[in-house]
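Student: I have a model open and want to know what stands behind the labels people put on it. Can we go through them one at a time?
Tutor: Sure, let's pull it up.

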Amino acid sequence: MERRELGSQDLTVSMVGLGCMGMSEFYGPANDTQSINVIHQAIELGVTFLDTADMYGPFTNEQLVGRALVGRRDEVTLATKFGNVRGEHGEFQGISGDPDYVRHACDASLRRLGVDVIDLYYQHRVDPKVPIEETVGAMANLVTAGKVRYLGLSEASAATIRRAHRVHPISALQSEYSLWTRDPEPEILPTLRELGVGLVAYSPLGRGFLTGAITSMDDLDEGDTRRKHPRFQGDNFEKNLNLVATIRGIAMRKSCTPAQIALAWLLAQGQDIAVIPGTRSLDRLAENAASADITLANEELLEIDQAFPFGVTAGDRYPDMSTVNR
């Protein structure tokens with residue numbers, strides 16, 4: 001598995017990582033034994049960039065990842081996040097970038113993960129009530145204390161990234177980026193490249209839509225939160241379903257899968273981009289990892305670009321877009 005450098009502070013990660021969120025919440029019932037097997041197999045395949053957050057579960061996803069890494073900590077690049085505050089019963093309590101909260105959240109994540117240091121620590125969402133300079137200043141203190149190696153932001157605006165980067169170098173921005181979410185391209189990506197910040201693309205398969213495996217709402221469990229997302233509802237669902245036909249055709253010609261085409265396209269957008277598709281399936285894991293070996297010709301990239309122009313996807317990314325791109 002090729003490794004890519006994120007930022008200018010010597011952080012390198014596997015170009016295809018593993019998003020662990022869905023192992024604990026949001027996408028149906030959890031199976032910890034199965035998920036730990038997936039994490040172990042990911043490491044064997046070279047998929048060693050693992051992504052979690054304190055809010056997933058809540059709290060249980062970090063514990064799961066920690067159990068999977070017993071005896072294998074040095075084989076992975078471990079990323080987690082703070083900022084989306086949840087109670088013990090899962091209730092959402094808002095967003096916090098308060099310096100005291102940052103310190104508390106980091107210590108709690110270290111305990112749950114069972115590690116001494118977090119490789120990449122993100123602010124999960126920007127807190128509009130706290131100047132970003134104060135939040136990143138507290139994060140920088142964690143680096144000085146040896147609790148964190150590199151800093152990141154998630155779903156931050158170009159202006160916020162610039163302000164944060166002046167306080168302490170930001171190694172990576174995590175944002176939704178895929179064929180059906182090309183929002184970072186006009187302003188975010190140019191800013192990142194000007195500053196020397198890498199991009200970690202979450203939901204690179206459009207929450208599974210670009211795999212071609214979701215053809216009706218019946219394919220989603222009753223408890224699957226995607227049922228509440230605008231892009232999965234009503235006319236939006238049908239319009240978005242038609243978009244998958246193009247990558248399905250290219251995949252057939254190249255003897256691979258639509259998911260692999262979608263990931264290969266994303267990885268072709270720059271050497272400063274890594275992807276973190278999530279899965280609880282060993283087969284999907286192997287499929288995603290193999291996308292790193294697929295090369296798309298210029299005419300194929302152009303064909304895909306023309307089928308998925310900026311803004312073509314029907315519906316907002318989230319039911320509530322108020323916490324993104326601050």
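Student: What is the strand order in the open sheet of eight strands?
Tutor: The order is β3-β4-β5-β8-β9-β10-β11-β12, with parallel pairing. Strands here are DSSP runs of E with at least two residues, helices are runs of H or I with at least four, and both are numbered from the N terminus. One caution: this is a predicted model, where local features need pLDDT of at least 70 and side-chain atom pairs 80 or more, while totals for chains, interfaces and linings use all residues. Residues are numbered from 1 along each chain as its sequence is written, and side-chain values use heavy atoms, leaving out hydrogens and water.

Student: What makes β3 (18-19) and β12 (273-275) edge strands?
Tutor: Each pairs on one side only.

Student: How do you know that β11 pairs with β12?
Tutor: Pairing takes at least two DSSP bridges between two strands. Three bridges join β11 (residues 198-202) to β12, so they pair, and they run parallel. L199 stands opposite I273 in β12.

Student: Now the helices. Why are α5 and α6 called roughly parallel?
Tutor: The axes of α5 (residues 158-167) and α6 (residues 188-195) come within 9 Å and cross at roughly 15°. Roughly parallel means under 35 degrees (over 145 is roughly antiparallel, 65 to 115 roughly perpendicular, the rest oblique), so α5 and α6 earn the label. Their crossing is right-handed.

Student: Which residues of α5 and α6 make the contact?
Tutor: A158, I161, R162 and H165 of α5, and I188, T191, L192, E194 and L195 of α6, with contact meaning heavy atoms within 4.5 Å. By class, that is five nonpolar, two polar and two charged residues.

Student: What makes the phi of D10 worth flagging?
Tutor: Phi of D10 is near 75°, a positive value in a residue other than glycine. You'll find D10 in the loop between β1 (3-6) and β2 (11-14).

Student: Why is D10 called exposed, but N325 partly exposed?
Tutor: The cut-offs for relative accessible area are under 20% for buried, over 50% for exposed, and partly exposed in between (1.4 Å probe, protein chains only). D10 has 61%, so it is exposed; N325 has 37%, so N325 counts as partly exposed. N325, in the segment after α10 (298-307), also has a positive phi, about 60°, without being a glycine.

Student: Last one: what kind of peptide bond joins G57 and P58?
Tutor: A cis one, with omega about -5°. P58 lies in the loop between β4 (49-51) and α2 (60-68).

Conventions:
Axes fitted to C-alpha atoms, helices over the stretch in contact; angles between N-to-C directions. Left-handed = near helix turned anticlockwise from the far one by under 90°. Nonpolar A, V, L, I, M, F, W, Y, C, P; charged D, E, K, R; others polar.
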